[in-house]
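Subject: Handing over a structure, with notes

Dear colleague,

I am passing on the structure we spoke about, together with some notes on what was found in it. Please have the sequence and the model open beside you as you read.

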Amino acid sequence: MHAALAGPLLAALLATARARPQPPDGGQCRPPGSQRDLNSFLWTIRRHPPAYLFGTIHVPYTRVWDFIPDNSKAAFQASTRVYFELDLTDPYTISALASCQLLPHGENLQDVLPRELYWRLKRHLDYVKLMMPSWMTPAQRGKGLYADYLFNAIAGNWERKRPVWVMLMVNSLTETDVRSRGVPVLDLYLAQQAEKMRKSTGAVERVEEQCHPLNGLNFSQVPFFELVGLKFEK
């Protein structure tokens, strides 16, 4: 038997580290001075061999990697089996996630949103598409990423998606998020590293277990109006 590490993303049981107060200029938190400044919430199941529980977050790994303590990184290195919330390296997972976001029966978002809200959403996405070339970084362009391709990768087929998924999509269409596209989120980065290290990997959830609860929300339960009011005003 071997050590194992599990990282359910939405469990909200763990935090990777305690973030320092935001600097006065409103920028990002500074990297820690040393590993001793970090507070680890890695859970250890004391058995032989040990098992670990570690919470991850859907942000580019470069934003948080310096805040993950050495003991958490050591637990990952020592583990021979790693289980994630979903297997994001599996093409079926990506395809199933895309399919579950669609409105049923061939419906269009225009059919389910109030007319004014739909057109505000469309105007906002037109604005994002216009601004995206100026938001992209030279590094992204150097990797062959183009604004139109990136926009379609994020917002493609948006008119066929359920409101809750459109809400999540719009929330990721900010300049900061666009500039970080191309950098894997923490859980995907760990999955990629696990594959490189020839660790055995798996998932603790199926796509349906994530999609069905969100798709079961009725329109009044989706904070869509508030989101639109915050994001769409120029």
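In what follows, a residue is called buried when its relative accessible area is under 20%, exposed when that area is over 50%, and partly exposed in between. On that scale Lys-122, with a relative accessible area of 26%, is partly exposed, because its value falls between the two limits.

Please keep in mind that this is a predicted model. The protein averages a pLDDT of 79, and 76% of the residues score at least 70. Over residues 7-27, however, the pLDDT is below 50, although this stretch has 47 contacts in the model beyond near neighbours in sequence. Residues 225-234 also have a pLDDT below 50, and that stretch has 21 contacts in the model, again beyond near neighbours in sequence.

To return to Lys-122, its side chain meets that of Asp-126 in a salt bridge, with 3.7 Å from N to O. The two residues are four apart in helix α5, so about one helical turn separates them. Asp-126 is likewise partly exposed, in this case at 44% relative accessibility. As general background, side chains of opposite charge can pair when their charged atoms come close.

The count of salt bridges comes to four, and among them are two that share Arg-206. The side chain of Arg-206 meets that of Glu-208 at 3.4 Å, N to O, and it also meets the side chain of Glu-209 at 3.9 Å, N to O, which links Arg-206, Glu-208 and Glu-209 in a network of salt bridges. Of the two acidic partners, Glu-208 is partly exposed with a relative accessible area of 27%, and Glu-209 is partly exposed with a relative accessible area of 40%.

Helix α5, which spans residues 115-135, also holds Trp-135. Is Trp-135 buried or exposed? With a relative accessible area of 8%, Trp-135 is buried, because this value is under 20%. Leaving aside its neighbours within four places in sequence, Trp-135 is in contact with Tyr-127 and Val-128, and also with Leu-173, Thr-174, Glu-175, Val-178 and Arg-179. The C-alpha atoms of Trp-135 and Ser-180 are separated by 10.0 Å, while the two residues lie 45 residues apart along the chain.

The largest pocket has a volume of about 1,600 Å³. Its lining is made up of 37 residues, and those nearest its centre are His-58, Leu-88, Ser-172, Arg-181 and Val-185. By type, the lining residues divide into 24 nonpolar, seven polar and six charged. Which helices each supply at least two residues of this lining? They are α3 (91-100), α7 (147-155), α8 (163-171), α10 (186-196) and α11 (207-215), and the largest share, four residues, comes from α7.

One of these contributors, α8, is mostly covered, since seven of its nine residues are buried by the cut-off of under 20%. The buried residues of α8 are Pro-163, Val-164, Trp-165, Val-166, Met-167, Met-169 and Val-170.

With best regards

Key
Residues are numbered from 1 along each chain as its sequence is written. This is a predicted model: local features need pLDDT of at least 70, side-chain atom pairs count only at pLDDT 80 or more; totals for chains, interfaces and linings use all residues. Side-chain values use heavy atoms; hydrogens and water are left out. On a 1 Å grid over the protein atoms alone, a cavity is a set of points where a 1.4 Å probe fits but cannot get out, and a pocket is an open set with protein on both sides within 12 Å along at least five of seven lines; lining residues have an atom within 4 Å of a point. Grid points are joined across faces, edges and corners, and a volume is the space filled by probe spheres set on the points. Ala, Val, Leu, Ile, Met, Phe, Trp, Tyr, Cys and Pro count as nonpolar, Asp, Glu, Lys and Arg as charged, and the others, Gly among them, as polar. Buried means under 20% relative accessible area, exposed over 50%, partly exposed in between (1.4 Å probe, protein chains only). Contact means heavy atoms within 4.5 Å. pLDDT is the predictor's confidence in each residue, from 0 to 100.
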